[in-house]
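Here is a short, friendly tour for anyone meeting this structure for the first time. Have a look at it first, and then we'll walk through a few spots together.

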Amino acid sequence: MKAVVLAAGEGRRCRPLTLTRSKVMLPVANKPILEHVINALAKNDVQDVILIVGYEKERVMDYFGDGGEFGVKIRYIEQKAQIGTAHAILKARDSIDPEDEAFLVVNGDNIIEPDTIRDLLKSSGGDATVLACKKENATGYGVIVVDGQRIKKIVEKPPHMVSHLINTGIYLFRPQIFEIIERTPLTHTGEYAITDTLQIMIDEGMRVMMANTFSDWLDAPYSWDLLKANPIVLGEFEQDLQKGTIEEGAVVKGSVSIGSNTTIRSGCYIVGPVVIGDNCDIGPNAVILPSTSIGNNISIASFTQIQNSIIMSDVRIGTHSLISNSVIGSNITIGSHFVTEEKEKLMIEIEGSLHFSDKLGTIIGDDTEIGSNVLVRAGIMIYPNCRINSGKILTEALAQNSLVI
């Protein structure tokens, strides 16, 4: 079976992190979201992957190559203008044999596990199948209304609760879907939505069916939502791989994965679930607490404490720092005595709109340099390529290329 994986969009609500990479390449448990998707497909013997790429496509293509390292065969198709899911699926038409019985469609920016795909494959039927999961609070999601297993209506982000069944964006289609996509009208936002295509099928009496999943389907609409997904994925590690060196006097407890050529120095205290990548130097006397992911090529100096955070690759963090509930991008240098304040129930501004966060320290974009003795107030976003001198308290978001002196 073939799978069409949609990975062309930017993920604007995940800025500032997506100014330098697409959302599908944001890391959770030290792997891009898209890698979790491809692994789920491979473990269901779905090895023929058609990857629809667009925004920052080079990063995706460089990382995944031909797919051989991940147990699949990948073909890339570019969607130059991101004008909706139906349009993206239509780009794969020439790669789908009209004689094929069915093919999968999966969003590349939701974290799923193998059982999620399995739940769709074992319950498929009709002219199309939509995978749904039940959530008590379906606000902000597209939902489906069913009669038994047959879908009667698909409603995009309804203003009030009409169903607890969320459309996961994972589908099993037959090749006839392409003809119906060609009849799908533009939305008022100028996109071709696959949910409109499905509604055409429903209105014409075709059998659009629902499959249920109780397995992982994790969405991260905003950058801080990565901090909710990270501990869930970390908690599912099958085994701890400790390839690095743990010096005498270091304490490592719980589920902790340590990469090759990484050194955990004497006096460090690490409590899992934690993953630490390759070529890292941790401590001495550093503290890393649960639900933390640390990428490759990281240096964390002595007496620094990190908890419930994601640190991407190529980062240096100075001594006596405290980082909590934060996402730190790539290629960042942070001086000593750096502190991220954290608070609950924050309203955070992104591109002129306010968005709610349960709890957050900070989000720091790539290629930023921060001096010593810097405090970042809770919920402050630092965009890429900023320079912040020592001794500063950041109380406002920093635009890209900002200089704080």
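Is Ile276 buried or exposed? Keep in mind that we're looking at a predicted model. Ile276 has a relative accessible area of 1%, and anything under 20% counts as buried, so Ile276 is buried. You'll find Ile276 in strand β19. If you hop from Ile276 to Thr168, 108 residues apart along the chain, the two C-alpha atoms turn out to be separated by 30 Å.

Strand β19 also turns up in the second largest pocket, where residues 274-276 make up one of the elements giving two or more residues to the lining. That pocket holds about 1,400 Å³ of space. It is lined by 42 residues, and the closest to its centre are Ala29, Asn30, Lys31, Glu35 and His36. Helix α1 (33-42) and helix α2 (57-64) each give two or more residues to the lining, and strands such as β3 (31-32) and β16 (256-258) do too. The most comes from α1, with four residues. As for the chemistry of the lining, 18 of its residues are nonpolar, 13 are polar and 11 are charged.

Next, the rings. The whole structure has seven aromatic pairs. Two of them share Phe70, and here is how they look:

| Pair | Centre to centre | Angle between planes | Type |
|---|---|---|---|
| Tyr63 and Phe70 | 5.9 Å | 25° | stacked |
| Phe64 and Phe70 | 5.0 Å | 50° | tilted |

How do these rings sit with respect to the surface? Phe64 and Phe70 are both buried, and Phe70 has a relative accessible area of 11%. Tyr63, on the other hand, counts as partly exposed because its relative accessibility is 36%. Elsewhere, ring pairs link Phe103, Tyr171, Phe173 and Phe178 into a cluster.

Tyr222 has a ring with another sort of partner: the charged end of Arg13 sits over it, 5.3 Å from the ring centre.

Last stop: helix α7, which covers residues 226-234. Which of its residues are buried? They are Leu226, Leu227, Ala229, Asn230, Val233 and Leu234. Looking down the axis of α7, these buried residues fall within an arc of 155°, so they line one face of the helix. The spacing makes sense of this: an α-helix has 3.6 residues a turn, so residues three or four places apart point the same way.

Conventions. Residues numbered from 1 in each chain as written. Predicted model: local features only at pLDDT ≥ 70, side-chain atom pairs only at ≥ 80, totals over all residues. Heavy atoms only, no water. Buried < 20%, exposed > 50% of the residue type's maximum accessible area, 1.4 Å probe, protein only. Arc of directions from axis to C-beta. Phe/Tyr/Trp six-rings, centres within 6.5 Å; stacked < 30°, edge-to-face > 60°. Lys NZ or Arg CZ within 6 Å of the ring centre and 35° of its normal. 1 Å grid on protein atoms, 1.4 Å probe; cavity = no way out; pocket = protein on both sides within 12 Å on 5 of 7 lines; lining within 4 Å. Points joined across faces, edges and corners; volume = space filled by probe spheres on them. Nonpolar A, V, L, I, M, F, W, Y, C, P; charged D, E, K, R; others polar.
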